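Subject: Structure handover

Hello,

Here is the structure I promised to pass on. Please open it alongside this email, and my notes follow below.

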Amino acid sequence: MSTASAGGVPVEVHNPNGALRVVVTKALPGDRWLKVLTAAGCRVEVSADPDTILSNAKIRALIGDKCNGVIGQLTEDWGAELFGALKAAGGRAYSNYAVGYNNVKVPEATNVGIPVGNTPGVLTETTAELALALTFAAARRVVEGDEFMRGGHYKGWLPTLFVGNLLQNKTVGIIGAGRIGTAYARMMVEGHKCDLVYYDPYPNQWLEDYVRDYGKLLASKGERAVTVRRCDTVEEVLRQADVVSLHCNLDDQTRHLINAERLNQMKPDAVLVNAARGPVIDEAALVAHLQANPNFRAGLDVFEDEPEMKPGLAQCKNAVIVPHIASATLWTRAGMATLAACNVAATLSGHPVWNKPDVLPFVDGPFEQIPKAAPSIVNAKELGLQMA
Ligand SMILES: NC(=O)c1ccc[n+]([C@@H]2O[C@H](COP(=O)([O-])OP(=O)(O)OC[C@H]3O[C@@H](n4cnc5c(N)ncnc54)[C@H](O)[C@@H]3O)[C@@H](O)[C@H]2O)c1
């Protein structure tokens, strides 16, 4: 590895003699992703710029006159400006380092013929586990208790100290029963015997069958059978659930899906968890709701104006807040890097799109057996790309 400057932005250079130039806008964990790109004949330039979030101007400078592919971040604004610059530099591939791609204006990439990759499948359990951690941290007031201990306020056990909510046998509500919503629902249903209500424009028959079968198993052991119901409206979920976890993607339909009116439909001591995207909640309305309802609790991984928080949120003791770390396990973050690299390398090599939900052959197993395919290209159909 050597260092250089790309249009004034410092970069780390790997495989300097590679014929194809790939820019990576942030250092990525693991080394499998780098092996994937170098094995595909890529010179890889990784930004070493100190800014946490790169401006479009810096990304344009990184792209420069010759750039065949980019791995970018969810904090970047990938639209006509950057895809235009990439196309003009000979670019033929882009991958987001994320499963969500609300930061990418996909039609703008399609307009200039650039495939857009994402990294589904390796974030599912990791993100669901963090949503679960937020659920119980909020319900059982873990952060308040931690601060109390560190502040030296503990004088001994008391019947009334930091009393929270029991979630066993309660009702869990999911908004968006896709990969992560399903994994979280299973953790709450199997682990804590919760009944499940969910809202999703599309029914999740697999999940419904699974919960019903699990209910039968419990009943056969003389335990209470858990139930499942798909609701016709978001409001129905909010009214019934003791804990609501958001797992929908962010788009025009889900922006401010949780607003003041809907918060008021929730139980006054409910727990609301968001490990999806910040703007799914009207955060100012949530702050007002938390202030007015001290027994209402929230667990938040994401924020409407990241990295900022709306005024007042930091002072709400009934909110547990963490800095967008839901996918932050080493296996997941290295796996995301491998999937993003495979998206770019396979596209540049003219390989087809994998088009299967199981992406583990890319991230686990021998390097030599990585499929010759791009794991996930979101505009594959629009571009008429060949499927594996
Ligand atoms: N906090 C994090 O670090 C982190 C990590 C991974 C994913 N995410 C977010 O989680 C989202 C879900 O990821 P996934 O892998 O489960 O995706 P997915 O596509 O499998 O699931 C999304 C689900 O939301 C549903 N949906 C769409 N519109 C809806 C609406 N109006 N109301 C309710 N549901 C709706 C879809 O039908 C789908 O079932 C991603 O889009 C991403 O934004 C966040």
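Start with the annotation. An unreviewed UniProt entry gives residues 23–353 as "domain: D-isomer specific 2-hydroxyacid dehydrogenase catalytic". Keep in mind that the model itself is predicted. Over residues 23–353 the chain is 38% helix and 14% strand. The end C-alpha atoms of that stretch are 21 Å apart.

The unreviewed entry has another annotation, "domain: D-isomer specific 2-hydroxyacid dehydrogenase NAD-binding", for residues 132–326. Here the chain is 35% helix and 14% strand. The end C-alpha atoms of residues 132–326 are 10 Å apart.

Next, the sheet. Seven strands form it, and it is open. Their order is 1-2-4-3-5-6-7, with mixed pairing. Strand 1 (2–6) and strand 7 (116–117) are the edges, and each pairs on one side only. Look inside the sheet at strand 3 (residues 20–24) and strand 4 (residues 42–47). These two pair in the parallel sense, over five bridges. Arg21 stands opposite Arg43 of strand 4.

What lies across strand 3 and strand 4? Helix 1 (residues 32–39) does, and it also lies across strand 2 (9–14). Helix 1 runs at about 140 degrees to strand 4.

Now the cores. In soluble globular proteins, nonpolar side chains tend to be buried together. The largest nonpolar core in this model has 62 residues. Leu37, Ala341 and Ala345 have the most contacts inside it. Helix 12 (residues 330–348) gives the largest share of this core, ten residues. A second core is separate and has 59 residues, including Ile174, Cys248, Val271 and Ala275.

Which residues does Leu37 touch, leaving aside those up to four places away in sequence? They are Val22, Cys42, Val44, Ala341, Val344 and Ala345. Two of these names, Ala341 and Ala345, are also among the residues with the most contacts in the largest core.

One helix pair is worth a look. The axes of helix 2 (residues 56–63) and helix 3 (residues 80–88) come within 9 Å. They cross at roughly 10 degrees. That angle is under 35 degrees, so helix 2 is roughly parallel to helix 3. On the helix 2 side, the contact is made by Asn56, Ile59, Arg60 and Ile63. Helix 3 brings Glu81, Leu82, Ala85 and Leu86.

Last, some backbone details, all in loops.

- A cis peptide bond joins Glu306 and Pro307, with omega about 5 degrees. Pro307 lies in the loop between strand 13 (297–300) and strand 14 (319–321).
- Asn169 has phi near 65 degrees, a positive value in a residue other than glycine. It sits in the loop between helix 6 (142–150) and strand 8 (171–175).
- Asn355 has phi near 60 degrees, again positive in a residue other than glycine. Its loop runs between helix 12 and helix 13 (360–363).

Are these two Asn residues buried or exposed? Asn169 has 13 other C-beta atoms within 10 Å, so it counts as partly exposed. Asn355 has 16 other C-beta atoms within 10 Å, and therefore it is partly exposed too. A buried residue would need 20 or more, and an exposed one 12 or fewer.

Over to you.

Best wishes

Key. Residues numbered from 1 in each chain as written. Predicted model: local features only at pLDDT ≥ 70, side-chain atom pairs only at ≥ 80, totals over all residues. Core = buried A, V, L, I, M, F, W, Y, C linked by C-beta atoms within 7 Å. Helix = DSSP H or I, 4+ residues; strand = E, 2+ residues; numbered from the N terminus. Contact = placed C-beta atoms within 7 Å. Pairing = 2+ DSSP bridges. Axes fitted to C-alpha atoms, helices over the stretch in contact; angles between N-to-C directions. UniProt positions renumbered as here; feature names shortened; annotations may be inferred. Parallel < 35°, antiparallel > 145°, perpendicular 65-115°, else oblique.
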